[in-house]
Amino acid sequence: MSPCPDIRGEKGKRSMVTMSSGKTKKSLRTFMLAFSLVSFSGVISVGGYSIYMVHRIVKETSSLKEVSKSIFTVDNMHNKSYNLVLAIHHFIINRDNKYSRRAINLLNDMESDTINYIKHEESSSDAGSIEEVRLVRLIQDNLGEIKRNVIPLFDDVSRNKTRDVRKIIALEKYAYNIEKLTNEINKIHLVGISDGVEMSHRLLSSIFTLFFVLSISGIFSIYIFYRLHGRYIIKPIDDLADATRKLSTGDLSIRVSSNDKTEIGTLYNSFNIMAERLQDYEKKLIDFSRSLEQKVNERTHELKYAYDTLKKTQEKLLRLEKIAALGQISASVNHEIKTPLNSLYMNLQLLKKQVNQFDGVSLDRRKYTNEIIDIMDKETLRISGILDEFVRYARLAPLNMEENDLNKIVSETADMISQRAEQSDVRLQLNLSDTVPLFSFDDKKITQCLINLFINAINSMGNGGILAVETEPVENSMIRLIISDTGTGIKEDIIDKIFQPFFSKNKDGLGLGLPIVQGIVEGHGGKISCRSKVGEGTTFEILLPTDMPPGKEEDQQ
Ligand SMILES: Nc1ncnc2c1ncn2[C@@H]1O[C@H](COP(=O)(O)OP(=O)(O)OP(=O)(O)O)[C@@H](O)[C@H]1O
Ligand SMILES: [Mg+2]
């Protein structure tokens, strides 16, 4: 394992996932299992070794028990040999047979003891046993000698009542030999005991050493395990928890990076994949909401456009309705008003003639009556003029399209109204482009348009100003005609209404001037628009196509 987990994930900063593929993955579980197995085998081997040691101590102890028994047996032989010497002496001194029997019994006992001892020692594979057997056989030899000499000695003593000191001394020598031999055997035993005790001590101290080493290595292993566990398991999990916390607060760019090839690495990898997917979903969601917003905007725009178009169409329809109504009104006006008005006019002329021919009337009264008739005449003509204008607009007279010079028409119209402009202290400025071609339009209708627009402009400049007129050819074979003034301007809330018939802010106005202009311009296939700022002035822009064919147009509007 060589992990070095770090967390990267500042907003907008994307870290790369550095996980290894699953093929080379070392399992953390395998590591833990190996660690546990090593620890377990360590404990088992140390425990097993200790048990083995204890077993050896126990074995050693039981062999010591055997040695003690042998010591006891050998010591017994030693005592018996001593008692044998005593019994022989007693017999020689007291000549009592009970001592001779006792000596013989002791000899027999010792013989059987040596036989048993040899048997016992021969069954053991101990190196010391061979020596012991050798020594016991020497004891047997000495016993044999004693047995062979003691019986004749006892007979001699019983029969002759004599004591052969040399024989007694020889017997004692054998008995002392036996004592020496038993001492040597016991020496071997004592060496064996001391070896056994020493061995037990060694085994015990090795158990203690092992225990000590095991305790130290156990503490060390726990420490190492604690450090490894902390570094390779707890810290990566802490880092992951930290990253998860950041992810949950909305930082989807967070990534964890590690070269860890264990399950922790797999976990990191899964976390990164999850964060990647979440980020993708969020991006898709944002894209979707953006496209939705865009679609909503587009639809809103389309709806607004449709609404505007509908509004314009409605306005146009209203205007057309009004115009149609006007057409009907104009017929009856012509019939109902113009006819009696004509008759009134003719009768006024007749009245004037008769008043002038009538002699019974004084000159002053005739003059006065003539003046009244003139006023009535003038007013009748004015009403007739208004009616003509109204009927002209309402009748939608066809256009008479002929090739004309627009600049010339503009100049002539400007001349026509120059006097009126002067009266209102208005200066005329013409800026007419030489590149404006001749093209088909109704010169009278366009003149009428210009007059209407010029008069409106002059009316708006009560304290004088500048009335500027420009012409120029523009793209799409159109001519642009601009009429601007430095008058009062039009308020924003009424600028949409100025092309409606009968809309007027002038006390003497009918509100038909601009609708007539719009009707004529649109009748030519053109467009009119207006922009204005209160206190600065108004500009009307007319676009007229140059490619309208000449001829008389029917129903241009
Ligand atoms: N150049 C302008 N400056 C300021 N206001 C204007 C201008 N042209 C038009 N208007 C406004 O538009 C209204 C409508 O104009 P329009 O020519 O249709 O009718 P009118 O001049 O009032 O009457 P008429 O029928 O005699 O022309 C005017 O009453 C005026 O308020
Ligand atoms: Mg007008």
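**Exercise 1. Find what share of the chain's contacts with a separation of 6 or more joins residues 24 or more positions apart.**

Step 1. Fix the term: a contact means heavy atoms within 4.5 Å.

Step 2. Read off the share: 77% of the contacts in the protein chain with a separation of 6 or more are between residues 24 or more positions apart.

Step 3. Keep the ground rules in mind. This is a predicted model, in which local features need pLDDT of at least 70, side-chain atom pairs count only at pLDDT 80 or more, and totals for chains, interfaces and linings use all residues. Residues are numbered from 1 along each chain as its sequence is written, chains are lettered from A and ligands numbered from 1 in the order in which they are written, and side-chain values use heavy atoms, with hydrogens and water left out.

**Exercise 2. Describe the protein chain as a whole: its secondary structure, its buried share and its exposed area.**

Step 1. Count the elements: there are nine helices and ten strands. Helices (H or I, at least four residues) and strands (E, at least two) are DSSP runs, numbered from the N terminus.

Step 2. Turn to burial: 33% of the 557 residues count as buried. Buried means under 20% relative accessible area, exposed over 50%, and partly exposed in between (1.4 Å probe, protein chains only).

Step 3. Finish with the surface: the chain exposes about 34,700 Å², and carbon and sulfur atoms supply 57% of it. Accessible areas come from the Shrake-Rupley method with a 1.4 Å probe; for residues, only the protein chains shown count as cover.

**Exercise 3. Locate the largest nonpolar core and say which elements supply it.**

Step 1. Define it: a nonpolar core is a set of buried Ala, Val, Leu, Ile, Met, Phe, Trp, Tyr and Cys residues joined through side-chain atoms within 4.5 Å.

Step 2. Find its centre of contacts. The core has 38 residues, and Leu 406, Ile 446, Leu 450, Leu 467, Ile 483, Phe 540 and Ile 542 have the most contacts inside it.

Step 3. List contributors. Among the elements that each supply at least two residues are helix H7 (406-423), helix H8 (443-460), strand E6 (465-474) and strand E9 (537-545). The largest share, seven residues, comes from H8.

Step 4. Zoom in on one member. Beyond its neighbours within four places in sequence, Ile 483 touches residues including Leu 450, Phe 454, Leu 467, Phe 540 and Ile 542.

Step 5. Look elsewhere too: a second, separate core of 32 residues includes Phe 91, Ile 146, Leu 153 and Tyr 174.

**Exercise 4. Why is the pair of Phe 91 and Phe 154 edge-to-face?**

Step 1. Recall the rule: rings of Phe, Tyr and Trp (its six-membered ring) pair if their centres lie within 6.5 Å; planes under 30 degrees apart count as stacked, over 60 as edge-to-face and the rest as tilted. The whole structure has three aromatic pairs.

Step 2. Apply it: the centres of Phe 91 and Phe 154 are 4.6 Å apart and the planes stand at 65°, so this pair is edge-to-face.

Step 3. Place the rings. Phe 91 belongs to helix H1 and Phe 154 to helix H3 (residues 127-160), so the pair ties together parts 63 residues apart in sequence. Phe 91 is buried at 1% relative accessible area, and Phe 154 is buried at 5%.

Step 4. Try another pair: Phe 439 and Phe 441 have ring centres 4.9 Å apart and planes at 45°, so they are tilted. Both residues are buried.

**Exercise 5. Trace three of the salt bridges, with the elements that hold them.**

Step 1. Use the cut-off: a salt bridge is a side-chain nitrogen of Lys or Arg within 4 Å of a carboxyl oxygen of Asp or Glu. The structure holds 15 of them.

Step 2. Begin in helix H4 (residues 165-248), where Asp 239 and Lys 235 are four residues apart, about one helical turn. Their N to O distance is 3.2 Å. Asp 239 is buried at 12%, while Lys 235 is partly exposed at 41%.

Step 3. Move to Asp 374 and Lys 352, whose closest N and O atoms are 2.8 Å apart. This pair links helix H6 (residues 363-395) with helix H5 (residues 263-357). Asp 374 is partly exposed at 34%, and Lys 352 is partly exposed at 23%.

Step 4. End with Arg 531 and Glu 541, which meet at 3.8 Å, N to O. Arg 531 lies in strand E8 and Glu 541 in strand E9, ten residues apart.
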